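Trainee: I have a structure in front of me and would like to learn how to read it step by step. Could you take me through some features, giving the general idea and then the case here?

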Amino acid sequence: MTEFDLRPAEPADAPRIALWMAQPHVRRWWHQGWSVERWAQEIEQQAAGEHSTPYVAALDAQDFAYLELYRVRHDRLAEYYAYDDEDWGVHVAIGDATRVGRGLGRRLLGAVADTLLRTEPACTRVVAEPDIENTPSVRAFAAAGFVQHGELQLPEKTAVLMVRTRTAQEV
Ligand SMILES: CC(C)(COP(=O)(O)OP(=O)(O)OC[C@H]1O[C@@H](n2cnc3c(N)ncnc32)[C@H](O)[C@@H]1OP(=O)(O)O)[C@@H](O)C(=O)NCCC(=O)NCCS
């Protein structure tokens, strides 16, 4: 399907996710440098709800990134743009600092958006809200086919609304 393996995160993944989230290049943007216990709880809570699902991405059987795929209609983002009920949102973090800035993020984001649009026929848009100052993230989303749709003033940041729309080939 894609070069990446995406599996739902489990509480047993909490030690690794907590370690990734503590890395300065991730912590700076995620602000979730929590304990292992809090991450285990967070994963359980997300798995039990309808808002968001946590995933671990692997390449060549090596886990390297944490993602959250969320339903915009259940997210605070719904208050900030004219969302569609079927819109999906993406949060992403490549935990290993030695693996960022090498094109991995754009490939992962492209594969995730392609897969969502292919497997969710009612979904026509996948969105993200990177901090406007997070240039690597904005560029990686853009390289993955997400287009900038203006700025959003969120409580803790000015974000760029980035939208990957179903292409003519994917209709
Ligand atoms: C955001 C993230 C997933 C992107 O993945 P990545 O593998 O690093 O991204 P890519 O290598 O595909 O692309 C990075 C782009 O940013 C550019 N870039 C990297 N560092 C940069 C810097 N300091 N200043 C300007 N541009 C920079 C790269 O040149 C590349 O763009 P280009 O090819 O158009 O020139 C990854 O960096 C990450 O996990 N960061 C920490 C957590 C985070 O910020 N998450 C996003 C929250 S919305």
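**Reading a predicted model**

Mentor: Let us begin with one residue: aspartate 13 is buried, because its relative accessible area is 13%, and buried means under 20%. Please keep in mind that this is a predicted model.

Trainee: Where does aspartate 13 lie in the chain, and with which residues is aspartate 13 in contact, leaving aside its neighbours within four places in sequence?

Mentor: Aspartate 13 sits in the loop that runs between strand E1 (4–8) and helix H1 (14–22). Once the neighbours within four places in sequence are set aside, the contacts of aspartate 13 are with Arg7, Pro8 and Val56.

Trainee: How many helices and strands does the chain have, and in what order do the elements run from the N terminus?

Mentor: The chain has 5 helices and 7 strands, and, read from the N terminus on, the order is β-α-α-α-β-β-β-α-β-α-β-β. The radius of gyration of the chain is 15 Å, close to the 16 Å that the globule rule gives for 171 residues, so the chain is as compact as a globular protein of that length. Taken along the principal axes, the box that the C-alpha atoms fill is roughly 40 × 40 × 35 Å.

Trainee: What percentage of the residues count as buried, and what share of the contacts with a separation of 6 or more comes from residues 24 or more positions apart?

Mentor: Of the 171 residues, 46% count as buried. Among contacts with a separation of 6 or more, residues 24 or more positions apart account for 60%.

Trainee: How should I read a phi angle, and what is the phi of histidine 31?

Mentor: The general idea is that most residues other than glycine have a negative phi. Histidine 31 has a phi near 55°, which is a positive value in a residue other than glycine. Histidine 31 is found in the loop between helix H2 (24–30) and helix H3 (36–48), and with 57% relative accessibility histidine 31 counts as exposed, since exposed means over 50%.

Trainee: Where is aspartate 60, and is aspartate 60 buried or exposed?

Mentor: Aspartate 60 has its place in the loop between strand E2 (52–59) and strand E3 (62–71), and its relative accessible area of 71% makes it exposed. The phi of aspartate 60 is near 50°, again a positive value in a residue other than glycine.

Trainee: How far apart in space are the C-alpha atoms of proline 155 and glutamate 133, and where do proline 155 and glutamate 133 lie?

Mentor: Those two C-alpha atoms are separated by 15 Å, while the residues are 22 apart along the chain. Proline 155 belongs to the loop between strand E6 (147–153) and strand E7 (158–165), and is exposed, with a relative accessible area of 63%. Setting aside neighbours within four places in sequence, proline 155 is in contact with Arg76 and Tyr80. Glutamate 133 lies in the loop between strand E5 (125–128) and helix H5 (135–143) and counts as exposed at 57% relative accessibility.

Trainee: Which residues does the UniProt annotation "domain: N-acetyltransferase" cover?

Mentor: According to the UniProt record, an unreviewed entry, that annotation covers residues 4–167. In the model, the end C-alpha atoms of residues 4–167 lie 22 Å apart, and the span is 33% helix and 30% strand.

Conventions
Residues are numbered from 1 along each chain as its sequence is written. This is a predicted model: local features need pLDDT of at least 70, side-chain atom pairs count only at pLDDT 80 or more; totals for chains, interfaces and linings use all residues. Side-chain values use heavy atoms; hydrogens and water are left out. Helices (H or I, at least four residues) and strands (E, at least two) are DSSP runs, numbered from the N terminus. The radius of gyration is taken over C-alpha atoms; the globule rule is 2.2 Å times the number of residues to the power 0.38. Buried means under 20% relative accessible area, exposed over 50%, partly exposed in between (1.4 Å probe, protein chains only). Contact means heavy atoms within 4.5 Å. UniProt positions are given in the numbering used here, feature names are shortened, and annotations may be inferred rather than shown by experiment.
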